Amino acid sequence: NGLGYARIPGIFSDAQVHGWKRVTDGVHQAGGKIFVQLMHCGRVCNTANMPAGSKVIAPSAIALPGDMWTDSSGMQANSMPAAMSEADIAHTIAEYATAAKRAIEAGFDGVELHGANGYLIDQFLNTASNQRTDQWGGNIENRIRFAVEVAKATAAAIGANRIGMRISPYGAFNGMTPD
């Protein structure tokens with residue numbers, strides 16, 4: 001469910017883990033360290049770019065204005081997301097933790113959780129895309145809950161010393177507002 005752009009890389013399949021292992025081995029052989037950035041597009045998406053059976057989800061059912069490239073049909077409007085249910089939220093938090101485990105299996109030294117640029121973590125933080133009235137929206141304590149829970153689950157999966165989070169509190173990319 002986290003894919004949005006055409007040809008976006010992933011780390012959710014065995015083949016992807018195997019492919020990334022070749023990259024991380026090369027970096028380590030050259031004496032380097034390497035982190036992977038884990039991103040979920042949320043509403044920054046067109047269904048033509050997603051695998052069968054996936055769905056566009058976001059904190060609220062608010063489409064991102066504008067168009068996105070699809071390999072099958074060229075430029076297309078961003079798809080309308082479904083507002084995430086409690087089950088969707090729990091599942092997505094678990095997906096971050098699973099992706100982090102797969103990243104370590106692939107040889108990455110750690111992960112950066114992408115919480116900026118209008119992607120899913122940022123969508124929960126920002127009132128332009130989060131108009132929920134439950135424990136995941138409204139005041140700042142509720143809007144940061146998703147980011148905190150993703151960080152906790154990821155830290156539990158791979159260790160807190162292997163994670164970072166990118167944020168951009170006043171960014172306006174992908175329909176965010178500086179609030």
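Arg7 sits out in the open in this predicted model, with a relative accessible area of 64%, so it counts as exposed. Arg7 pairs with Asp71 in a salt bridge, one of six that turn up in a search of the whole structure. Below is a quick tour of three of those bridges, then a buried arginine that has none, a strand and the nonpolar cores.

**Salt bridges**

- In the Arg7–Asp71 bridge, the closest N and O atoms are 2.3 Å apart.
- Arg7 belongs to the segment before α1 (14–29), while Asp71 is in the loop between β3 (67–70) and β4 (74–77), so this pair ties together parts that are 64 residues apart in sequence.
- Asp71 is partly exposed, with a relative accessible area of 46%.
- Another bridge brings together the side chains of Arg102 and Asp14, at 2.9 Å from N to O.
- That pair links distant parts of the chain, with Arg102 in helix α2 (residues 86–105) and Asp14 in helix α1, 88 residues apart.
- Is Arg102 buried or exposed? With 19% relative accessibility, Arg102 counts as buried, because the cut-off for that is under 20%.
- Asp14 counts as exposed, at 56% relative accessibility.
- Lys152 and Glu149 make a salt bridge too, and here the closest N and O atoms are 3.7 Å apart.
- Lys152 and Glu149 are three residues apart in helix α5 (residues 145–158), so about one helical turn separates them.
- Lys152 is exposed, with a relative accessible area of 51%, whereas Glu149 counts as partly exposed at 28%.

**A buried arginine with no salt bridge**

- Arg43 is in the loop between β1 and β2 (57–58).
- Which side chain of opposite charge is nearest to Arg43? That is Asp122, 8.7 Å away, and Arg43 is buried yet has no salt bridge.
- A salt bridge needs the nitrogen and the carboxyl oxygen within 4 Å, so Asp122 at 8.7 Å does not qualify.
- What Arg43 does have is backbone company: its side chain reaches the backbone oxygen of Ile62 at 3.2 Å.
- A polar atom of the Arg43 side chain also lies 3.5 Å from the backbone oxygen of Ala63.

**Strand β1**

- Strand β1 (residues 35–38) has two faces: Val36 and Leu38 are on the covered one, and Phe35 and Gln37 are on the uncovered one.
- Strand β1 runs parallel to strand β6 (residues 110–115), and four bridges join the two.
- Gln37, from the uncovered face of β1, stands opposite Glu112 in β6.

**Nonpolar cores**

- The largest nonpolar core has 25 residues.
- Which residues have the most contacts inside that core? They are Ile11, Leu38, Tyr96 and Phe146.
- The elements that give two or more residues to this core are β1, α2, β6, α3 (120–125) and α5.
- Helix α2 gives the most to this core, with six residues.
- Leaving aside neighbours within four places in sequence, Tyr96 is in contact with Leu38, His40, Leu113, Leu120, Ile121, Phe146, Val150 and Thr154.
- There is also a second, separate core of five residues, which includes Cys41, Val44, Met68 and Tyr119.

Note on methods: Residues numbered from 1 in each chain as written. Predicted model: local features only at pLDDT ≥ 70, side-chain atom pairs only at ≥ 80, totals over all residues. Heavy atoms only, no water. Buried < 20%, exposed > 50% of the residue type's maximum accessible area, 1.4 Å probe, protein only. Pairing = 2+ DSSP bridges. Lys, Arg positive; Asp, Glu negative; His and termini not counted. Polar contact = N/O pair within 3.5 Å; in protein donor to acceptor, adjacent residues only side chain to side chain. Core = buried A, V, L, I, M, F, W, Y, C linked by side-chain atoms within 4.5 Å. Contact = heavy atoms within 4.5 Å.
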